[in-house]
Amino acid sequence: MLLELLIWGFWFALTVYCFWYFFLAKTFQPLTMDDIALMWRLHKQQTGCAASRVPSLLERNGEVIGFRCECGYEFQQKRLITQRVSKARFSRGYAKTVRSLKSCAGKLEEKR
Ligand SMILES: [Zn+2]
């Protein structure tokens, strides 16, 4: 009887752990300086933030994972642990977005 209870308890714990790992566990995504600059520019555009100084960087284990703006805004890139698998596809699409955003910003600056 006791053994049965232990086995059920073990399976229950394992199921909960698996669920947590696949759906809830998150880790920080390291960012490049380009990403930081882009996210900061986006933040200033979206919120009308007037900070003139470069935001202070948030670091973890020697990697930049976000920034803190003068206005108190904090940005941290997080992703699910299990999203690592599709990272290549994601970053390629993301790089394209960054590039098109940059050329868009460049055109805007030319017009001024
Ligand atoms: Zn700000």
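**View 1. The hairpin of strand 2 and strand 3 turns through Asn-61.** In this hairpin, two residues sit between the strands, and Asn-61 takes a positive phi near 55°. Please keep in mind, as you look around, that this is a predicted model. Asn-61 belongs to the loop between strand 2 and strand 3. Most residues other than glycine have a negative phi. Asn-61 goes the other way, with a positive phi of about 55° although it is not a glycine. Is Asn-61 buried or exposed? Asn-61 is exposed, because 7 other C-beta atoms lie within 10 Å, and a residue counts as exposed at 12 or fewer.

**View 2. Strand 2 and strand 3 are joined bridge by bridge.** Strand 3 covers residues 63–68 and runs antiparallel to strand 2, with five bridges joining the two. You can follow the pairing from either end of the ladder. Arg-60 has Glu-63 of strand 3 as its bridge partner, while Ser-56 stands opposite Arg-68 in strand 3.

**View 3. A second hairpin links strand 3 to strand 4.** These two strands also run antiparallel, joined by three bridges. Here Arg-68 appears again, standing opposite Glu-74 in strand 4. Arg-68 therefore faces Ser-56 of strand 2 as well as Glu-74 of strand 4, following the strand order 2-3-4 with strands 2 and 4 at the edges. How many residues lie between the strands of this hairpin? There are five, and Gly-72 takes a positive phi near 100° in this hairpin.

**View 4. Strands 2, 3 and 4 make an open sheet.** Stepping back from the hairpins, you see three strands in the order 2-3-4, with antiparallel pairing. Why does one side of strand 2 and of strand 4 lack a neighbour in the sheet? Strand 2 (56–60) and strand 4 (74–76) stand at the edges and each has a single partner strand, so one side of each stays free of a neighbour in the sheet. On average, neighbouring strands of this sheet are turned by 30° against each other, direction ignored.

**View 5. Leu-58 reaches across the sheet.** Leu-58 has its place in strand 2. Leaving aside residues up to four places away in sequence, Leu-58 touches Ile-65, Gly-66, Phe-67, Arg-68 and Gln-76. Phe-75 is 17 residues from Leu-58 along the chain, and the C-alpha atoms of the two are separated by 8.7 Å. Leu-58 has 17 C-beta neighbours inside 10 Å, so it counts as partly exposed; a buried residue would need 20 or more.

**View 6. Helix 2 lies across the three strands.** Helix 2 (residues 33–47) lies across strand 2, strand 3 and strand 4, and runs at about 15° to strand 3. This helix has 15 residues and reaches 21 Å from its first C-alpha to its last, close to the 21 Å expected at 1.5 Å a residue. Just after helix 2 comes Gly-48, with a positive phi of about 70°.

**View 7. Helix 1 lies largely in the open.** The 23 residues of helix 1 (residues 2–24) should span 33 Å at 1.5 Å a residue, and its end C-alpha atoms are 32 Å apart, which agrees. Of these 23 residues, the number buried is zero, so helix 1 lies largely in the open.

**View 8. The whole chain puts the close-ups in context.** The protein chain holds three helices and five strands, arranged from the N terminus on as α-β-α-β-β-β-β-α. Buried residues make up 4% of its 112 residues. Among contacts with a separation of 6 or more, 54% come from residues 24 or more positions apart. The chain averages a pLDDT of 80, and 74% of the residues score at least 70. Over residues 85–90 the pLDDT is below 50, and beyond near neighbours in sequence this stretch has zero contacts in the model.

Key. Residues numbered from 1 in each chain as written. Predicted model: local features only at pLDDT ≥ 70, side-chain atom pairs only at ≥ 80, totals over all residues. Pairing = 2+ DSSP bridges. Helix = DSSP H or I, 4+ residues; strand = E, 2+ residues; numbered from the N terminus. Axes fitted to C-alpha atoms, helices over the stretch in contact; angles between N-to-C directions. Contact = placed C-beta atoms within 7 Å. pLDDT = per-residue confidence, 0-100. Expected span 1.5 Å × (residues − 1).
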